[in-house]
Structure formats: C-alpha cells, structure tokens
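Welcome! Here is a short briefing to help you find your way around this structure. Take a look at the picture first, and then follow the notes below.

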Amino acid sequence: MPVLVMKFGGTSVATVDKIKRAAKKVGVEVAKGYDVIVIVSAMSGETNKLVGFVNDTSPLYDAREYDAIVSSGENVTAGLMALTLQEMDVPARSWQGWQVPVMTTSAHSSARIEEIPTDNINAKFGEGMKVAVVAGFQGVSPEGRITTLGRGGSDTTAVAFAAAFEADRCDIYTDVDGVYTTDPRVTDKARKLDKIAFEEMLELASLGAKVLQTRSVELAMRYKVRLRVLSSFEEQSDTAGTLVCAEEEIMESNVVAGVAFSRDEAKMTLISVADRPGIAAAIFGPLAEAGVNVDMIVQNISEEGRTDMTFSCPIDQVARAQKAMDEAKARDDINFHDLVADTDVAKVSIVGIGMRSHAGVAAKMFATLRDEGVNIKVITTSEIKTSVLIDRKYMELAVQALHDAFELEKAA
Ligand code: ADP
Ligand code: ASP
Ligand code: MG
C-alpha cells in the first residue's frame with residue numbers, strides 16, 4: 001500500500017471537535033487506499049503551559065526532565081486521535097516516540113532524529129491497521145531517555161517519517177492554507193504561493209517564518225520528500241496549499257520570494273577591544289563553546305589599535321553570551337571596556353533564488369528602508385538572502401514596505 005504522512009499542528013488539534021475534523025481528513029485518504037501515518041502536535045498552548053511549569057519549578061532545570069515533561073502534550077493528542085479514528089471504524093493505534101522507536105541524539109530539547117526503524121509500524125499495517133498515529137516532537141536517546149526536537153519539532157517528525165517510509169507525500173496541516181510571501185498576520189497583502197523551492201523555504205524558516213521548522217525543510221530537501229503545507233480547516237484536494245519542491249519544478253518566480261522576520265534577536269556590542277590578530281577567534285570561540293548561536297557580525301573601524309565588535313544572537317542567549325565574555329575577560333583572553341546588549345531589535349530578511357542572478361536587490365531593500373526612515377543597525381547577505389537588524393518597533397512597517405517595494409502581492 002502507498003503510504004501518506006499527514007501532520008496536524010497545535011491549532012488543528014486544539015479541541016476534541018477539531019480532532020474529529022482532522023480525523024475526517026485522515027478518513028478521506030484511507031478511503032483512497034493509503035496506509036496513513038498521522039503525526040500530531042500537542043493541543044495549541046499546551047507545550048507553552050508545560051514549559052511554564054518547568055520554569056516555575058526549576059529555573060536551571062535538568063534538560064532530561066524538561067523533555068519528559070514538555071513531550072507529554074503530544075501523548076494526549078495521539079491517543080485522542082487514535083480513539084476518534086476507532087470511533088469512525090478506521091483501524092488505528094497511537095505510538096509514542098519511544099515505541100516506534102524514533103531514535104535521536106541525546107541533545108535534550110534540541111535532539112536530532114538519527115533513525116526511524118519501520119518494521120514495528122509496517123508489521124501492524126500488514127495486520128490491517130490503517131492509521132499509525134504518532135506523537136510528534138519526541139524521540140528516545142541512546143541512553144533510553146525521552147528527548148524533544150526543539151519547538152515546532154512535529155514538522156520534523158513528519159518529514160522524517162515520510163522519508164523513512166518512502167511516503168508519496170508529507171502533508172502539513174496548519175492554520176494557514178499554505179506558505180505565503182510573508183506572515184499573513186503582518187500584512188493582508190501577503191500572497192499564497194503555489195510552489196516554493198526548498199532553498200527558499202529553508203532560508204525563510206531559518207530567518208523566522210515558523211510555518212515549518214527549519215530542520216524539517218532540510219530533511220525534505222535531502223530525502224526529496226514531497227512536502228505540502230495546507231489548511232486543516234478547508235476542503236481537501238490534491239492540489240491545495242503550497243508544495244515545497246525542487247527549484248526545477250518551478251517555472252516562474254519573483255526575484256524575491258518572501259519576507260521573513262524574527263523578533264527574538266539581540267544585538268551585542270563589545271566596546272573597545274584590542275584590534276590584533278586572533279581577536280575574532282578569542283571572542284567567538286568562547287561564545288560557540290557556551291552554545292551561543294551568533295548570527296550577524298560586524299567589526300567596526302579601528303582607532304588607535306582598538307575597535308568595537310558587534311554581533312547578534314537569540315534574545316534568550318544574552319545572559320549566556322555575557323557570562324562567556326566576562327569569563328574570557330577574567331582569563332585575560334580578551335580585553336574590552338564594556339559589553340552593551342540591545343534587546344529591542346528585530347531581524348527582517350528578504351529571500352529569493354532570483355537574487356543569485358539579479359543585481360541591485362539589496363540596494364533596493366536599503367533604499368526602501370531609508371524612505372521609511374528606518375535605521376539599519378547590522379546587515380548580512382548570502383547568495384539568496386539579505387538580512388537587516390533594525391529597531392523592533394519598526395519591524396511590521398519594514399515588512400510591509402518591503403512587501404510593497406518588491407511587489408510580492410503580484411505573481412511573476
Ligand atoms: P502549527 O501549530 O500548525 O505547527 P505554527 O503556528 O507553527 O502552526 O505555524 C503556522 C503559522 O506560521 C501561521 O499561523 C503564520 O502566522 C505563521 N507564518 C509565518 N510566516 C509565514 C509564511 N511565510 N507563510 C505562512 N505562515 C507563516
Ligand atoms: N508542541 C511542540 C511545540 O509547540 C511541537 C510542535 O507543535 O511542532 O513546539
Ligand atoms: Mg509549527
């Protein structure tokens with residue numbers, strides 16, 4: 001039997017009624033002759049609530065217990081989905097990550113899937129089970145402890161199952177009807193894309209578009225999974241939503257495919273560090289060891305042998321970055337006058353494969369922001385994206401202005 005993977009996000013399983021609605025969609029695919037693997041998230045808000053319990057109990061928590069707790073939301077929805085399908089006379093059962101087992105690394109709270117053996121589930125399909133409902137977001141480490149895959153990780157569970165079971169398609173059901181040119185919550189001019197290239201989706205996801213977890217896009221690209229994003233609240237069809245696919249499958253596309261943003265950024269500036277060979281290694285080595293994900297970097301001009309070094313990192317890593325720099329200073333590895341953290345910033349990025357072959361795209365972005373009176377604090381570019389760090393209060397304005405300037409509401 002051909003296999004289909006269907007993933008339902010938190011809003012799609014937020015209540016017993018919504019689970020019933022999702023289960024009906026599963027029933028439609030079973031009737032077409034598919035063996036279906038359903039991946040479920042926790043009910044929306046549930047994972048946040050569990051994270052809150054952890055923080056209230058133990059601010060410097062044991063990450064293994066964090067995973068044991070925050071993974072539990074998915075256990076509930078997996079069981080409820082299986083029961084709902086059984087009520088519809090569809091043979092179904094639930095599977096927690098460890099039962100499959102979804103084998104992961106031991107990097108608790110951000111584990112990576114290493115292997116998904118297919119024999120257990122395939123044996124049940126062989127016995128007449130039509131739907132395997134799998135709790136997303138969770139796995140088991142080589143030590144036998146429960147792990148989680150990072151926030152939004154059920155997307156990655158879904159794609160990993162699609163790859164392991166060589167599914168015809170991996171359908172990600174969510175609260176929007178596809179991938180848009182930007183988050184439709186920020187501008188009603190956002191346009192749904194029929195197709196988007198893996199590379200573009202990868203950049204958009206990693207730059208803040210949380211419609212898909214970055215790792216899920218990486219896996220889909222590597223294993224050539226046909227990945228589709230569609231609404232769990234609308235009528236189903238084989239062509240609905242957005243297909244994330246190889247660049248070659250897309251005939252026409254805009255130079256800029258989309259605008260992404262992230263509120264969770266901080267800008268850190270080391271004031272007056274000695275400008276000498278090895279200074280960057282002395283700063284960014286300890287930051288990397290401390291697990292700080294440095295994104296953008298600028299070294300300012302040097303005066304009398306001293307310079308300022310600016311970098312950006314996720315806002316929740318500011319304290320860790322500060323500690324690493326203070327320790328490096330105490331060891332006399334680096335010498336700086338002050339470390340200034342600016343936590344009122346946001347990153348706005350434009351992404352598009354067309355940027356490879358079109359000059360002047362970044363310049364147009366900068367001119368657009370100038371016309372809106374938005375000051376740019378840091379810039380980074382790569383082959384298919386340009387990102388700027390700006391004051392957070394201008395984030396929505398910048399996204400809307402860039403969406404207009406690149407005429408993203410119009411298809412190519
Ligand atoms: P789920 O709970 O189903 O996993 P998420 O909340 O994780 O859903 O992701 C869906 C949300 O992603 C949408 O509601 C939307 O606000 C947001 N989003 C951000 N950028 C985009 C984009 N470019 N296209 C579509 N949705 C986007
Ligand atoms: N429930 C998890 C989260 O909220 C995983 C997911 O929904 O993808 O991050
Ligand atoms: Mg999500």
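A good place to begin is a pair of neighbouring strands: E13 (residues 258-274) and E15 (residues 306-314) run antiparallel and are joined by 8 bridges. Please keep in mind that this is a predicted model. From that strand pair we can move out to the sheet, and then on to the two ligands.

**The sheet and its helix**

- Within the E13 and E15 pairing, Ala266 has Cys313 of E15 as its bridge partner.
- Both strands belong to an open sheet of 6 strands, with antiparallel pairing.
- Reading across the sheet, the order is E14-E15-E13-E16-E18-E17.
- At the edges are strand E14 (297-299) and strand E17 (378-382), each of which pairs on one side only.
- From one strand to the next, the twist averages 25°.
- Helix H12 (residues 395-405) lies across E13, strand E16 (338-351) and strand E18 (385-391).
- The direction of H12 is at about 120° to that of E13.

**Around ligand 1**

- There are 16 residues around ligand 1, and those that come nearest are Thr174, Asp175, Tyr180, Asp183 and Arg185.
- The shell around ligand 1 is made up of 6 nonpolar, 5 polar and 5 charged residues.
- Arg185 places a polar side-chain atom 2.6 Å from an oxygen atom of ligand 1.
- For Asp175, a polar side-chain atom is found 2.9 Å from an oxygen atom of ligand 1.
- Lys7 also takes part, with an N or O atom in its side chain 3.2 Å from an oxygen atom of ligand 1.
- On its own, ligand 1 exposes 570 Å², and the protein buries 89% of that.

**Around ligand 2**

- Which residues are around ligand 2? They are Ser41, Ala42, Thr47, Glu74, Phe137, Arg151, Gly152, Gly153 and Ser154.
- By type, the shell around ligand 2 divides into 2 nonpolar, 5 polar and 2 charged residues.
- Thr47 has a polar side-chain atom 2.8 Å from a nitrogen atom of ligand 2.
- Glu74 likewise has a polar side-chain atom 2.7 Å from a nitrogen atom of ligand 2.
- With Arg151, the contact is to an oxygen atom of ligand 2, which lies 2.6 Å from a polar side-chain atom of this residue.
- Ligand 2 has 260 Å² of accessible area on its own, and the protein covers 86% of it.

Methods. Residues numbered from 1 in each chain as written. Chains lettered and ligands numbered in written order. Predicted model: local features only at pLDDT ≥ 70, side-chain atom pairs only at ≥ 80, totals over all residues. Heavy atoms only, no water. Pairing = 2+ DSSP bridges. Helix = DSSP H or I, 4+ residues; strand = E, 2+ residues; numbered from the N terminus. Axes fitted to C-alpha atoms, helices over the stretch in contact; angles between N-to-C directions. Contact = heavy atoms within 4.5 Å. Near = heavy atom within 4 Å. Polar contact = N/O pair within 3.5 Å; in protein donor to acceptor, adjacent residues only side chain to side chain. Areas by Shrake-Rupley, 256 points an atom, 1.4 Å probe, with all protein chains shown as cover. Nonpolar A, V, L, I, M, F, W, Y, C, P; charged D, E, K, R; others polar.
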